[in-house]
Amino acid sequence: VIVLQDMHGSDHGDYQESLDGGDTWVPRHIMQKKKDVAGPFFFRLLMHPSRPGVWTAQGVDGLWTTQDAGMSWEAGPDLGLPRTRSGLVVTTNAFYASAAAQVWRSEDGRSWLPVGSPKGSDVQGIVPLAGDRVAVKSGDGWWTRSEQGAWEPGLSLPDHESGEKLSADQKGPFMRSIDRCWPAQSPADSAYLVASCRKASPGVSIDYSAQLHSFDAGLSWSSIGGAGLPSAWFPSVIAQHPRDPGSLLMAWVSGRVFRSKDHGSTW
């Protein structure tokens, strides 16, 4: 188990590693830290699903990769990746990175090849899909890259500014004020997707958020509610089970975690 560090000071590693299922943890370093320089230095650390020893990490100074499960690290190219969510993802076969108007692909974290972008437009984010497919968000909406390398329109995410793509019972002041939706495809069912949407309100330190799901590969969406969830606060994270598409976990801002076995109908 790997957990990225969000700590300050030279006595902490870049990430924590556990070899016994989380019972004990050891700090690990990707790069040599300068004395008395505060972190965090790394935003993401991804493992290749079919090549267990190949990992890629994104830091403030670019990409780093290991071919031996963290025993040694080497600096990779600076692709100009954003320091925000969804700049670096991994599919079953490769790592993908998005920067400006370009998407990059690498099978080993060392060599990166440009694979273009939809209409050459500015890429605002990228998410992995089933197989060796990715979806990117651009100024023209969401696009998907097929396993053959073609870019096609896809993922009709709800437009929360206008609320036009949500049913009447899903609309409301809160839903209309949310944007920044990021979808995730179920590992167990390619037609089932969830999307985490959030927006920080002025003067409020905690992001408001909403979780949505789609049963038709992203063509239509509805809010995830259900009996058993608290009436106050909002979810900040949603996770899907790798083998059971109906099993969901949702983490609340308050620190509480809720579980559903029926696609969110009850919790």
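In the predicted model, the loop between strand 18 (208–214) and strand 19 (222–223) contains alanine 217. The backbone of alanine 217 adopts a positive phi, near 65°, in a residue other than glycine. With a relative accessibility of 39%, alanine 217 is classed as partly exposed, because that category covers the range between the 20% limit for buried residues and the 50% limit for exposed ones. A positive phi of about 55° is also found at alanine 69, which is likewise not a glycine. Alanine 69 is located in the loop between strand 6 and strand 7, and a relative accessible area of 31% makes this residue partly exposed.

The strands that surround this second loop were examined next. Strand 6, comprising residues 62–66, is mostly covered, in that 5 of its 5 residues are buried. On the N-terminal side, strand 6 is connected to strand 5 by a hairpin that passes through 2 residues, and the antiparallel pairing of strand 5 (residues 55–59) with strand 6 comprises 5 bridges. Within this pairing, alanine 57 is positioned opposite tryptophan 64 of strand 6. Strand 6 also runs antiparallel to strand 7 (residues 74–75), to which it is joined by 2 bridges, and here threonine 65 faces glutamate 74 of strand 7.

Leucine 46 belongs to strand 4, which spans residues 42–47. Its relative accessibility of 19% places leucine 46 among the buried residues, since the limit for that class is under 20%. When neighbours within four places in sequence are set aside, the contacts of leucine 46 are with Val54, Trp55, Thr56, Leu88, Val89, Val90 and Phe95. The C-alpha atoms of leucine 46 and isoleucine 2 are separated by 9.4 Å in space, whereas the two residues lie 44 residues apart in sequence.

Further along the chain, an open sheet is built from 4 strands in the order 12-13-14-15, with antiparallel pairing. Its edges are formed by strand 12 (123–128) and strand 15 (151–153), each of which pairs on one side only. On average, and with direction ignored, neighbouring strands of this sheet are turned by 30° against each other. Strand 12 is linked to strand 13 (residues 134–138) by 5 bridges in an antiparallel arrangement, and proline 128 stands opposite valine 134 of strand 13.

Threonine 144 is situated in strand 14 (residues 141–145) and, at a relative accessibility of 10%, is counted as buried. Apart from neighbours within four places in sequence, threonine 144 is in contact with Leu129, Arg133, Val134, Ala135, Ala150, Trp151, Glu152, Pro153, Gly154 and Leu155.

The largest nonpolar core consists of 12 residues, namely Val127, Leu129, Ala135, Trp142, Leu155, Cys181, Trp182, Leu193, Ala195, Cys197, Leu212 and Trp221. Two or more residues of this core are supplied by each of strand 16 (179–185) and strand 17 (193–199), and the greatest contribution, 3 residues, comes from strand 17. Leu129, Ala135 and Leu155, which are members of this core, are also among the residues in contact with threonine 144.

Note on methods:
Residues numbered from 1 in each chain as written. Predicted model: local features only at pLDDT ≥ 70, side-chain atom pairs only at ≥ 80, totals over all residues. Heavy atoms only, no water. Pairing = 2+ DSSP bridges. Axes fitted to C-alpha atoms, helices over the stretch in contact; angles between N-to-C directions. Core = buried A, V, L, I, M, F, W, Y, C linked by side-chain atoms within 4.5 Å. Buried < 20%, exposed > 50% of the residue type's maximum accessible area, 1.4 Å probe, protein only. Contact = heavy atoms within 4.5 Å.
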